[in-house]
Amino acid sequence: MNAWYFLCFLSAVSVFIAFANQYLLRLQTTIAITTGSVAMSLLLIALIKFGGNDLATSISDAFEGLNFNLLLLKGMLGFLLFAGALEIDLRLLRQQRWEITIMALFSTLLSTVLIGYASFWVLGLLGWDLPLIYCMLFGALISPTDPIAVLAIIKKMHAPEKISVQVEGESLFNDGVGLVVFTTIFALAFSGAEPTFSGVAELFLVDAVGGIVFGAVLAFLAHWCICRSNDSSIELLITLCIPSAGYALANVIDVSGPLAMVVSGIVIGNITRT
């Protein structure tokens, strides 16, 4: 069974879990799907334990065709962030710009440093001599929040507009900033060079600022094309090119694709849509 069949079956299972959740658990949809995924994983572990090595080998061989790094970080993440940014109100976002900037940028950096040093200290007490740069990498990995779950929960709660935009904007930019921090520390950890402040700052600024500028250019190019098109299907295809080809191009030129998708989504959702 190839990767495409697995994606089709997993999509169908996700829809079934979401549908059943409406009548059974009544949880927030993304939480219900995550819970169902954990339950399915435990079931597979039990089947492997009682089914022997043959079953485990067949499952392992089937999943070898899936490159989850390529599928999630360099594929689906662009669509998810772009779709979430489309719903952001730019007028309210401007009013909350300083709060969102502080929470998305400085809080993410602070969380990365605190978790990194705490992990380094705890592992040292346990006798594991792990380099600090790897602990920082772990901190960057778990510091960002999940923007998709946050957006879904906020909408379901019908929160006030100002609070909603503040949390939504922070979660979207937080995810982009977190990925920039992670890729920066990852490059330093495995490049073999001694990390310096100037080197870290240069990597971070090129990735983050480059992603924001690229996202703005991409959005206004799509805006120009959409405004000069009279065919709604072509307008839809141009919009879909942003999180697909645009996100791929951002990865090719080594700028932040997530930040580019957030900026593009905000521009398309607030300027082009009107």
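**Figure 1. Leu24 sits in the loop between helix 1 (3–21) and helix 2 (29–51).** Leu24 counts as exposed because its relative accessibility is 65%; the cut-offs are under 20% relative accessible area for buried, over 50% for exposed, and partly exposed in between, using a 1.4 Å probe and protein chains only. This is a predicted model, so local features need pLDDT of at least 70 and side-chain atom pairs count only at pLDDT 80 or more, while totals for chains, interfaces and linings use all residues. Residues are numbered from 1 along each chain as its sequence is written, and side-chain values use heavy atoms, with hydrogens and water left out. Leu24 also joins Phe19, Tyr23, Leu25, Leu27 and Ile31 in a nonpolar surface patch of about 650 Å². Patches take residues with over 30% relative accessible area and no salt bridge, joining nonpolar side chains (Val, Leu, Ile, Met, Phe, Trp, Tyr) within 5 Å and like charges within 9 Å. Areas come from the Shrake-Rupley method with a 1.4 Å probe, and for residues only the protein chains shown count as cover.

**Figure 2. Here is the whole protein chain, with 12 helices and 0 strands.** Helices (H or I, at least four residues) and strands (E, at least two) are DSSP runs, numbered from the N terminus. Of the chain's 274 residues, 34% count as buried. About 16400 Å² is exposed, and carbon and sulfur atoms supply 71% of that. Take the contacts between residues at least 6 apart in sequence: 74% of them join residues at least 24 apart. A contact means heavy atoms within 4.5 Å.

**Figure 3. Helix 6 (residues 97–125) crosses helix 9 (residues 161–191) at roughly 40°.** Their axes come within 8 Å; axes are lines fitted to C-alpha atoms, for helices over the stretch in contact, and angles run from 0 to 180 degrees between N-to-C directions. The crossing is right-handed, meaning that the near helix is turned clockwise from the far one by less than a right angle, with anticlockwise being left-handed. Where they meet, helix 6 brings residues including Met103, Leu105 and Thr112, and helix 9 brings residues including Phe173, Val181 and Ile185.

**Figure 4. Zoom in on Thr112, a residue of helix 6.** Thr112 is buried, since its relative accessible area is just 4%. Leaving aside residues up to four places away in sequence, Thr112 touches Met136, Gly139, Ala140, Ser143, Val181 and Ile185.

**Figure 5. Arg91 and Asp89 pair up through their side chains in a salt bridge.** The N to O distance is 3.7 Å; a salt bridge is a side-chain nitrogen of Lys or Arg within 4 Å of a carboxyl oxygen of Asp or Glu. By this rule the count is 1 salt bridge. Arg91 is partly exposed, with a relative accessible area of 48%, and Asp89 is partly exposed too, at 26%.

**Figure 6. Arg26 and Asp254 have a positive phi, though Arg26 isn't a glycine and neither is Asp254.** Most residues other than glycine have a negative phi. For Arg26, phi is about 60°, and the residue belongs to the loop between helix 1 and helix 2. Asp254, with a phi of about 65°, lies in the loop between helix 11 (232–252) and helix 12 (257–272). Arg26 is exposed, with a relative accessible area of 60%, and Asp254 counts as exposed at 58%.
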